Amino acid sequence: MDTHTVLEIIKMIDSYSSAAYDNIMTAHEKGKEANPYDIGVFDQMSALSDHLQSYIEGQVSALENQTGE
């Protein structure tokens with residue numbers, strides 16, 4: 001998979017994660033418990049985003065090693 005595609009996927013995941021986070025914070029501001037679904041979405045999407053970001057960092061590192069920078 002090329003890095004551009006992975007970066008686009010990360011953007012989409014971060015969008016879903018951000019929406020779930022907003023829902024969690026809105027619930028807390030209203031003095032309510034956050035929806036467990038939103039908490040799960042936020043946790044899992046954040047973890048997936050971090051995993052894909054580490055893939056990108058590995059690609060950058062490999063490229064830097066090839067070019068000798």
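## A helix of 32 residues

Helix H2 is built from 32 residues, and the distance from its first C-alpha to its last is 47 Å, close to the 46 Å expected at 1.5 Å a residue. Keep in mind as you read that this is a predicted model. H2 covers residues 36-67.

At the N-terminal end of H2 you can find a cap, and Asn35 provides it. A side-chain oxygen of Asn35 lies 2.8 Å from the backbone nitrogen of Tyr37.

## The overall shape

Let's step back and look at the whole chain. Its secondary structure comes to two helices and zero strands. The radius of gyration is 16 Å, well over the 11 Å that the globule rule gives for 69 residues, so the chain is more spread out than a compact globule. You can also picture a box drawn along the principal axes: the C-alpha atoms fill roughly 55 × 20 × 15 Å.

How much of the chain is buried? Buried residues make up 19% of the 69 residues. Now take the contacts between residues at least 6 apart in sequence: 63% of these join residues at least 24 apart.

## The partner helix, H1

The other helix to explore is H1, which runs over residues 3-29. Its 27 residues should span 39 Å at 1.5 Å a residue, and its end C-alpha atoms are 38 Å apart, which agrees. H1 has an N-terminal cap as well: a side-chain oxygen of Asp2 lies 3.3 Å from the backbone nitrogen of His4. Just after H1 comes Gly31, with a positive phi of about 75°.

H1 also holds a salt bridge, in which the side chains of Glu8 and Lys11 meet at 3.5 Å, N to O. The structure holds one salt bridge in total. Glu8 and Lys11 are three residues apart in H1, about one turn of the helix. Are these two residues buried or exposed? Glu8 counts as partly exposed because its relative accessibility is 32%, while Lys11 is exposed, with a relative accessible area of 54%.

## Where the helices cover each other

Which residues of H1 are buried? They are Val6, Ile10, Ile13, Ser17, Ala20, Ile24 and Ala27. What covers them includes H2. On the other helix, the buried residues are Asp38, Val41, Ser49, Leu52 and Ile56, and what covers these includes H1.

Let's zoom in on two of these buried residues. Ser17 lies in H1 and is buried, with a relative accessible area of 6%. Apart from neighbours within four places in sequence, Ser17 is in contact with Phe42, Met45 and Ser46. Val41 sits in H2 and counts as buried because its relative accessibility is 19%, and the cut-off for buried is under 20%. With neighbours within four places in sequence again set aside, Val41 is in contact with Tyr16, Ala20 and Ser46. Val41 and Ser18 are 23 residues apart in sequence, yet their C-alpha atoms are 9.7 Å apart in space.

## The nonpolar core

In soluble globular proteins, nonpolar side chains tend to be buried together. Which residues form the largest nonpolar core here? There are five of them: Val6, Ile10, Ile13, Leu52 and Ile56. H1 and H2 are the elements that give two or more residues to this core. H1 gives the most, with three residues.

Val6 is a good residue to click on in this core. Not counting residues up to four places away in sequence, Val6 touches Met1, Leu52, Tyr55 and Ile56.

## A last stop at Gln59

Finally, let's visit Gln59, which lies in helix H2. Gln59 is partly exposed, with a relative accessible area of 33%. Which side chain does the side chain of Gln59 make a polar contact with? The partner is Tyr55, at 2.9 Å. Gln59 also gives a nice example of sequence distance set beside distance in space: Gln59 and Asp2 are 57 residues apart in sequence, and 9.5 Å apart in space, C-alpha to C-alpha.

Note on methods: Residues are numbered from 1 along each chain as its sequence is written. This is a predicted model: local features need pLDDT of at least 70, side-chain atom pairs count only at pLDDT 80 or more; totals for chains, interfaces and linings use all residues. Side-chain values use heavy atoms; hydrogens and water are left out. Helices (H or I, at least four residues) and strands (E, at least two) are DSSP runs, numbered from the N terminus. Buried means under 20% relative accessible area, exposed over 50%, partly exposed in between (1.4 Å probe, protein chains only). Contact means heavy atoms within 4.5 Å. A salt bridge is a side-chain nitrogen of Lys or Arg within 4 Å of a carboxyl oxygen of Asp or Glu. The expected span of a helix is 1.5 Å times one less than its number of residues. A polar contact is a pair of N or O atoms within 3.5 Å; within protein, one must be able to donate a hydrogen and the other to accept it, and residues adjacent in sequence count only if both atoms are side-chain atoms. A nonpolar core is a set of buried Ala, Val, Leu, Ile, Met, Phe, Trp, Tyr and Cys residues joined through side-chain atoms within 4.5 Å. The radius of gyration is taken over C-alpha atoms; the globule rule is 2.2 Å times the number of residues to the power 0.38.
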